[in-house]
Amino acid sequence: MRGHATINGKKQSRYLLLSIAVAFSTFLPLTSKAASPLSCDNEPPPSRDLVTLPPQFESAVKVPASALTTFSSNDVREFMVAAASRKASLLILMREGRPTPIARISAAAPKQARRLEWFQPATATPLSAAELKLTVLENLYAFLLRQDPRDVFSIEDVRAAGPQRTHGRLTHSATLQRIAGMRACAVSELHGLQPEAHVIPWTTARLQSLPSSGAHGLSVSVRVRNSVGERLSTGHLTFGRGDHLACAAEVKADGVGRCTLFDPHGHDLHDHEHRGNTYVTFSGVVSNDRIVLPTTMVYGAGSRDRDSHR
């Protein structure tokens, strides 16, 4: 997303949509289809792969501090690695001036899931390990928010064999939900070692798509509720359809954000765009005592997400 000053029209529009969503999530720090139940005993463990950083690592982009992270002083960077047959986005934590990979999302062929891995760097004590795990998972959540909400992911479990080795084909929103569950386990581990540790609780938002209206169904709206079903009246929603259409809306007192999709570059409307799925990002809400998470949803006739958080 960063460093692309000149790109062709199609990609530029996609980057614009993602840039709007990330801008909102940076300042307000977003869930949809439910992932399968996850207990702290069967969460996917860190990858055992060794990651070698190429000399070009110096071009890694420093990530702005996220309101989602407990330890905001961390220096986190993103780097695109081009391997023999695939590209991967790498998340790197600078520890005492040394780059340490903490997560990797591999690119995928069309209609294939993107492989998601996370890494647990070595530490000296159980307490520092628990703090570092929390840092890794919180930054992984923010990392995922910067990916395309239409992507599908798989999380590999290095302890398993055969078909059980990979955790599904998870939608973007379900993957976020899985990481949020793993973060809850990390908080529990930290409190077991340091009960007085101050960690702001994460709660989920529930997104409900409402019927589209207007010409070609370009007037879109979504209702936002908190984890107990109460309407939220703050935050932002960013909508997209296809690679060209976008709009953004504030969540009003009735818990609904509404706007009309348009093409900021003035391109003609294509048939697949007014018939295609709509994807939406909720910015999330941050306060001193809780974080309502940013999240995403894809809805429409062919979507993989469902309005399951009604």
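**Close-up views of a predicted model**

**View 1. Lining of the second largest pocket.** The second largest pocket has 14 lining residues, and those nearest its centre are A180, G181, A184, W202 and T204. The structure shown is a predicted model. The pocket encloses about 220 Å³ of space. Two elements, helix 3 (172–193) and strand 8 (202–203), each contribute at least two residues to its lining. Helix 3 gives the most, with 7 residues. Sorted by class, the lining holds 8 nonpolar, 5 polar and 1 charged residues.

**View 2. C40 and its neighbour in space, M182.** C40 sits in the loop that links helix 1 (9–27) to strand 1 (61–62). Along the chain, C40 and M182 are 142 residues apart. Their C-alpha atoms are nonetheless separated by 7.1 Å. Is C40 buried or exposed? Neither term fits: C40 counts as partly exposed because its relative accessible area is 46%, and that class runs between the 20% limit for buried and the 50% limit for exposed.

**View 3. The largest nonpolar core.** This core has 37 residues. Within it, L68, L140 and Y141 touch the most other members. Several elements give two or more residues to the core: strand 3 (87–95), strand 4 (98–106), strand 5 (114–118), helix 2 (126–145), strand 6 (152–156) and helix 3. Which element gives the most? Helix 2 does, with 11 residues. In soluble globular proteins, nonpolar side chains tend to be buried together.

**View 4. Another core, apart from the largest.** A separate core of 21 residues lies apart from the largest one. Its members include V251, C259, V285 and Y299.

**View 5. An open sheet of 4 strands.** The strands follow the order 12-11-14-17, and their pairing is antiparallel. Which strands form the edges? They are strand 12 (245–250) and strand 17 (295–299), each of which pairs on one side only. From one strand to the next, the twist averages 15°.

**View 6. Strand 11 against strand 14.** Here the focus is one pairing within the sheet of View 5. Strand 11 covers residues 236–241, and strand 14 covers residues 278–282. The two run antiparallel and are joined by 5 bridges. What is the bridge partner of T238 in strand 14? The partner is T281.

Technical notes:
Residues are numbered from 1 along each chain as its sequence is written. This is a predicted model: local features need pLDDT of at least 70, side-chain atom pairs count only at pLDDT 80 or more; totals for chains, interfaces and linings use all residues. Side-chain values use heavy atoms; hydrogens and water are left out. On a 1 Å grid over the protein atoms alone, a cavity is a set of points where a 1.4 Å probe fits but cannot get out, and a pocket is an open set with protein on both sides within 12 Å along at least five of seven lines; lining residues have an atom within 4 Å of a point. Grid points are joined across faces, edges and corners, and a volume is the space filled by probe spheres set on the points. Ala, Val, Leu, Ile, Met, Phe, Trp, Tyr, Cys and Pro count as nonpolar, Asp, Glu, Lys and Arg as charged, and the others, Gly among them, as polar. Two strands pair if DSSP finds at least two bridges between them. Axes are lines fitted to C-alpha atoms, for helices over the stretch in contact, and angles run from 0 to 180 degrees between N-to-C directions. A nonpolar core is a set of buried Ala, Val, Leu, Ile, Met, Phe, Trp, Tyr and Cys residues joined through side-chain atoms within 4.5 Å. Buried means under 20% relative accessible area, exposed over 50%, partly exposed in between (1.4 Å probe, protein chains only).
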